[in-house]
Amino acid sequence: MASAAEQLASNLNFSTFAKAEDLKKRLWFTLGALLVYRLGTHIPLPGLNPAAYAQAFSNQSGGILGLFNMFSGGAVQRMAIFALGIMPYISASIIVQLMTSVVPALENLKKEGEQGRKIINQYTRYGTVLLGALQAYGIAIGLEHGNGVVLDPGWFFRISTVITLLGGTMFLMWLGEQVTSRGIGNGISLIIFAGIAAGLPTALAGTLELGRTGALSTGLILLVLIVAVLVIALIVFVERAQRRLLIQYPKRQVGTRMFQGDTSHLPLKLNTSGVIPAIFASSLLLLPATIAGLGTNTALPAWVTSIVAALGHGQPLYMVLYAALIAFFAFFYTALVFNPKDTADNLKKHGGFIPGIRPGDRTAEYIDYVLTRITVIGALYLVFVCILPEILVSQTGIPLALGGTSLLIVVSVTLDTVAQIQGHLIAQQYEGLIKKSKLRGGKRGR
């Protein structure tokens, strides 16, 4: 079966794509949805003074606002209706996943299959509304504390801001779900991808402008571009890397016929946690600087100022904590999304076993043993991919949009989307082969 799929994948060409009408409709729908998202990032929030806000944002662009601005495709910099982006939904999803490991009722829902997942998804939407409303209210209060940012401060501005920003987040959540079901790829990931990809041309143009003015040497720019290409190649290699555990199924008898035992593989990704550790680590480290920046009108204690300075980009303490947090969240999130005990129980239920390992608890221990060791490699890979560009950014002043986190998201989402496109094309070829075989069988019957 695997060799047949590989042969079909190797035969994919432009003519196959041209015949895939359903795939083309899905691609057009996805592009249209992303275009709507990009248009929304340019619709400003009502009641603001653009000049005053631009000045306030420039003072905070190095903090967590810069990170959120990168994920929102510049919507935070323009304080658009999509300024909250899709981050409240992602945060709510992670919180609900955490609770499924702690709350027995949610854990039972997770085991109920499709119906249980629908209920959990509904809880995630409720959590998105709560988190989005709190964040939107916090943004409204922060804007009112800016010097002349809000034209008419008060409850009317706060309520309208909460409704507008929360409505933008809920619309993006709905749009992402529509892309997932009617388009191609994961809708939420593609929205984040579109936001980051929209900022890459500006970042590249800014880098070339620094080279034109002499702020950066041509050799340094070429070195950075070469490093970016090598990092992208590393991301592609590791994100596709798997540790496959051999699974065997015993012989079975159906009536008087004896069926030979089958074999398959349990794929364990080298980087099971994806890009979540980098996002969490960046957010936590940039939070102190952002909180300190919001209190610019009051004098800060000397120890707070020294901590904020030590946590600046490129500082040794920042690098050490960044690497440690990435490694911690890599193990934490892997343990959260992959449960060896459940996997072992499912294998035992269907009669599968790992050769040389007893089914049940011993299988779970073995899977956990393998997963822990490959997660070490995955964590080291994440640390390297995120720290190396961070060093280049801090030492050369190249825009943050070319950092490791953004490259990791862009490449990972691209790989997933291309894999889904190939899957649709392979399904199209399978359908063509089945139709041809039916036609030949009909002719022979005549």
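A residue counts as buried under 20% relative accessible area, as exposed over 50%, and as partly exposed in between. The exercises below apply this scale to a predicted model.

**Exercise 1. Describe the overall make-up of the protein and the confidence of the model.**

Solution.
Step 1. The secondary structure consists of 18 helices and 4 strands.
Step 2. Of the 446 residues, 39% count as buried. The accessible surface comes to about 24500 Å², and carbon and sulfur atoms contribute 65% of this area.
Step 3. Among contacts with a separation of 6 or more, 75% join residues 24 or more positions apart.
Step 4. Confidence is considered next. The mean pLDDT is 79, with 79% of the residues reaching 70 or more. Helix H10 has the highest confidence, at a mean of 91, and helix H1 (residues 2-10) has the lowest, at 46.
Step 5. Over residues 1-10, pLDDT stays under 50, and the model has 9 contacts for this stretch beyond four places in sequence.

**Exercise 2. Determine which parts of the protein are tied together by the salt bridge between Glu 239 and Lys 269, and classify both residues by exposure.**

Solution.
Step 1. The closest N and O atoms of Glu 239 and Lys 269 are 3.9 Å apart, which satisfies the salt-bridge limit of 4 Å.
Step 2. Glu 239 belongs to helix H12 (residues 218-240) and Lys 269 to strand E4 (residues 263-269), so the bridge ties together parts that are 30 residues apart in sequence.
Step 3. Lys 269 has a relative accessible area of 35% and is therefore partly exposed. Glu 239, at 11%, is buried.

**Exercise 3. State how many salt bridges the whole structure contains, and analyse the one formed by Arg 125 and Glu 177.**

Solution.
Step 1. A search of the whole structure yields 4 salt bridges.
Step 2. In the pair of Arg 125 and Glu 177, the closest N and O atoms lie 3.1 Å apart.
Step 3. Arg 125 is part of helix H9 (residues 114-144), whereas Glu 177 is part of helix H10 (residues 155-182); the pair therefore ties together parts that are 52 residues apart in sequence.
Step 4. Arg 125 is partly exposed at a relative accessible area of 24%, and Glu 177 is likewise partly exposed at 24%.

**Exercise 4. Identify the buried residues of helix H16 and explain how they are arranged around its axis.**

Solution.
Step 1. Helix H16 spans residues 340-349, and its buried residues are Pro 340, Thr 343, Ala 344 and Leu 347.
Step 2. These residues cover an arc of only 100 degrees around the axis, so they lie on the same side of H16.
Step 3. A general rule helps here: an α-helix has 3.6 residues a turn, so residues three or four places apart point the same way.
Step 4. Asp 345 and Lys 341 form a salt bridge, with the closest N and O atoms 3.2 Å apart. They are 4 residues apart in H16, which means that about one helical turn separates them.
Step 5. Both partners are partly exposed: Asp 345 at 31% relative accessibility and Lys 341 at 37%.
Step 6. The ends of the helix remain. At the start of H16, a side-chain oxygen of Asn 339 comes to within 3.0 Å of the backbone nitrogen of Lys 341. Just after H16, Gly 351 adopts a positive phi of about 80 degrees.

**Exercise 5. Compare the surroundings of Thr 169, Phe 82 and Tyr 126.**

Solution.
Step 1. Thr 169 is located in helix H10 and is buried, with a relative accessible area of 0%.
Step 2. A polar atom of the Thr 169 side chain lies 3.2 Å from the backbone oxygen of Gly 85. Apart from neighbours within four places in sequence, Thr 169 contacts Leu 84, Gly 85, Ile 86, Pro 88 and Thr 128.
Step 3. Phe 82 lies in the loop between helix H6 (75-78) and helix H7 (87-102), and this residue is buried at 4%.
Step 4. Beyond residues up to four places away in sequence, Phe 82 touches several residues, among them Val 36, Tyr 37, Gly 168 and Phe 171. The C-alpha atoms of Phe 82 and Leu 45 are separated by 9.0 Å.
Step 5. Tyr 126 is found in helix H9 and is exposed, with a relative accessible area of 52%. Its C-alpha atom is 9.5 Å from that of Tyr 89, a residue 37 positions away along the chain.

Conventions. Residues numbered from 1 in each chain as written. Heavy atoms only, no water. Buried < 20%, exposed > 50% of the residue type's maximum accessible area, 1.4 Å probe, protein only. Helix = DSSP H or I, 4+ residues; strand = E, 2+ residues; numbered from the N terminus. Arc of directions from axis to C-beta. Polar contact = N/O pair within 3.5 Å; in protein donor to acceptor, adjacent residues only side chain to side chain. Contact = heavy atoms within 4.5 Å. Areas by Shrake-Rupley, 256 points an atom, 1.4 Å probe, with all protein chains shown as cover. Salt bridge = Lys/Arg side-chain N within 4 Å of Asp/Glu carboxyl O. pLDDT = per-residue confidence, 0-100.
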